[in-house]
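Work through the exercises below with the sequence and the model side by side. Each task is followed by a stepwise solution.

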Amino acid sequence: MSKYFFVLYFSVLGISSAYSQNYKQDFETFRQQALKGYRNFRDSINAEFAEFMRQAWPEYESKPAVPVPDSPEPPAPIIKEPDTPPSNDPVPFDKVTPAPKPVEPPQPVVPIPEPTPQPIVPDKPTFAFNFYGEKCQMPLEDKHRFTLGGVTENNVADGWKVLSSDKYLPVIAKCLDYRSKLRLCDWGYVRFVEKMTAAFFPSSQQNEARLMQMFILTQSGYKVRIAQANNKLVLLLPSKETIYRYSYLSIGGSRYYVTDSSLKEASLRVFDREFPKEQFFSLRISEPPALPISRSVSRQLQSKHDREVGAKVSINKNLIDFYNDYPISSHWDIYANASLSELVKEQLYPVLRSSIAGKGEADAANILLHFVQTALEYATDEEQFGEERPLFGDETLFYPYSDCEDRAILFSILVRELLGLDVVFLYYPGHLATAVCFDTPVTGDYLQVDGKRYVVCDPTYINADIGQSMTQFKQTPATVFKISR
């Protein structure tokens, strides 16, 4: 090979290397300029925000919490009589509620720079707090604590200016990092920030904790407000979904829920100012959070209809604790779309997949339906909890009893994930059932929704097959609730 080739090759290599280095330098220069522009924009927004805080806050009267709706349920499940003949009747319905559109998590108005990795200093204390079993390490030090001196408009504005300094950016970045790592929905993220700030500040400085909560949530893209009541700062969460048990304010046509449960009804002075690109907080949850596993005692789930279908299942108690703190909602699709935890799926799904393998859609759906009907013990929410309370799928498998709502939610999860079929909820006064859209012809009681045939499947009508409706609801118009897929 010619020596001229090597001269040419290494000359090109040198040029390429120089170009690469110049490109990296140019990119870094551009990145630094962009970050400076972001910082200047964020600083100007927060400075303007603080000045608005100094103005007098208008007064609002909070309204009492919306009680969880009573849903009278039968004291015992209905058992199908063996000689009940099959039917193929249309099911009356008077309303179809569309599935809500998916909501993307809020994002900061400008990117929050990643925190610079800090060298590990032996024996240097770091702040940590427990979040449902997860030990969360945060870049919080004594320098991040501040004192308001009161809760007047000027006190709060001065506190906001302190929080707006660059030293709090690594804290926000780490919070957002945990939101992604733990797969937290909006409510989970709010709880994360609440637990962190409450643990970081002493009990005598919970006003400072609440202002930091608002600051972090605002910088993270959430629409939140802060109010003064009884010499306390109170965080207000606006939501388009009804949240039971929390008092609220009506501001601009939206409900702002009071997060302090001690304030049942009170007069509050509210700082109501929009932050750029703020987004409503949502109760919706697309998957369980990724929490450390603390297994419960295993529970045997055995179908009494198909004796070969049974599994021992243990539940993550940390997840149960998280769901215990979750607000009660009447939006059943929230519970259905949360699915089941991976821990439960690993134990339950192989058994169910094996039992339906090689079966047609109707036979497979019957196996799943009979499993939910007979492997779970029935009791009303009033009997088990003393109040109405829909359960997430993992909760239904954890608690000793379940009612019609819980079974309908669980069955909808199994059918959508194991059979890949569309499911809707059928709501009657005091009862919730499901209907499934099969890809193959299936006879039974049905309804036509948007040109699709849905066959009734009732997880609380014990021993009933798909297509069989409870007699008392055959002539009662149902309200149809679609579930987003």
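**Exercise 1. Describe the second largest pocket: its volume, its centre and its lining.**

Step 1. The second largest pocket has a volume of about 630 Å³. On a 1 Å grid over the protein atoms alone, a pocket is an open set of points with protein on both sides within 12 Å along at least five of seven lines. A lining residue has an atom within 4 Å of a point. Volume is the space filled by probe spheres set on the points, which are joined across faces, edges and corners.

Step 2. Find the centre. Among the 24 lining residues, Val103, Arg284, Ile285, Ser286 and Glu287 are the closest to it.

Step 3. Sort the lining by class: 9 residues are nonpolar, 5 polar and 10 charged. Here Ala, Val, Leu, Ile, Met, Phe, Trp, Tyr, Cys and Pro count as nonpolar, Asp, Glu, Lys and Arg as charged, and the others, Gly among them, as polar.

Step 4. Look for the main contributor. Helix H7 (residues 332-337) supplies the largest share, 3 residues. Helices (H or I, at least four residues) and strands (E, at least two) are DSSP runs, numbered from the N terminus.

Note on the source: this is a predicted model, in which local features need pLDDT of at least 70, side-chain atom pairs count only at pLDDT 80 or more, and totals for chains, interfaces and linings use all residues. Residues are numbered from 1 along each chain as its sequence is written, and side-chain values use heavy atoms, with hydrogens and water left out.

**Exercise 2. Which residues line the largest cavity, and which helices each supply at least two of them?**

Step 1. Count the cavities: there are 2 of 30 Å³ or more. A cavity is a set of grid points where a 1.4 Å probe fits but cannot get out.

Step 2. The largest has a volume of about 50 Å³. Its lining includes Arg42, Asp43, Ile112, Tyr168 and Phe215. The complete lining holds 6 nonpolar, 4 polar and 2 charged residues.

Step 3. Helices H1 (3-53), H3 (169-181) and H5 (206-219) each supply at least two residues. H1 gives the most, with 3.

Step 4. Turn to the second largest cavity, with about 40 Å³ of space. Leu426 and Tyr428 are among its lining residues.

**Exercise 3. Trace the pairing of strand E15 (residues 422-428).**

Step 1. Check the cover. In E15, 6 of 7 residues are buried; buried means under 20% relative accessible area, exposed over 50%, partly exposed in between (1.4 Å probe, protein chains only).

Step 2. Follow one side. E15 runs antiparallel to strand E16 (residues 431-437), joined by 7 bridges. Two strands pair if DSSP finds at least two bridges between them. Valine 424 stands opposite alanine 435.

Step 3. Inspect the hairpin of E15 and E16. It has 2 residues between the strands, and glycine 430 takes a positive phi near 80°.

Step 4. Add strand E20 (residues 478-482). It pairs with E15 over 4 bridges in the antiparallel sense. Lysine 482 stands opposite valine 424.

**Exercise 4. How many disulfides are there, and where does cysteine 175 stand?**

Step 1. Apply the rule: a disulfide is a pair of cysteine sulfur atoms within 2.5 Å. The count is 0.

Step 2. For cysteine 175, the nearest cysteine sulfur is that of cysteine 136, 9.2 Å away.

Step 3. Check burial. Cysteine 175 is buried, at 0% relative accessible area. Cysteine 404 is also buried, at 2%.
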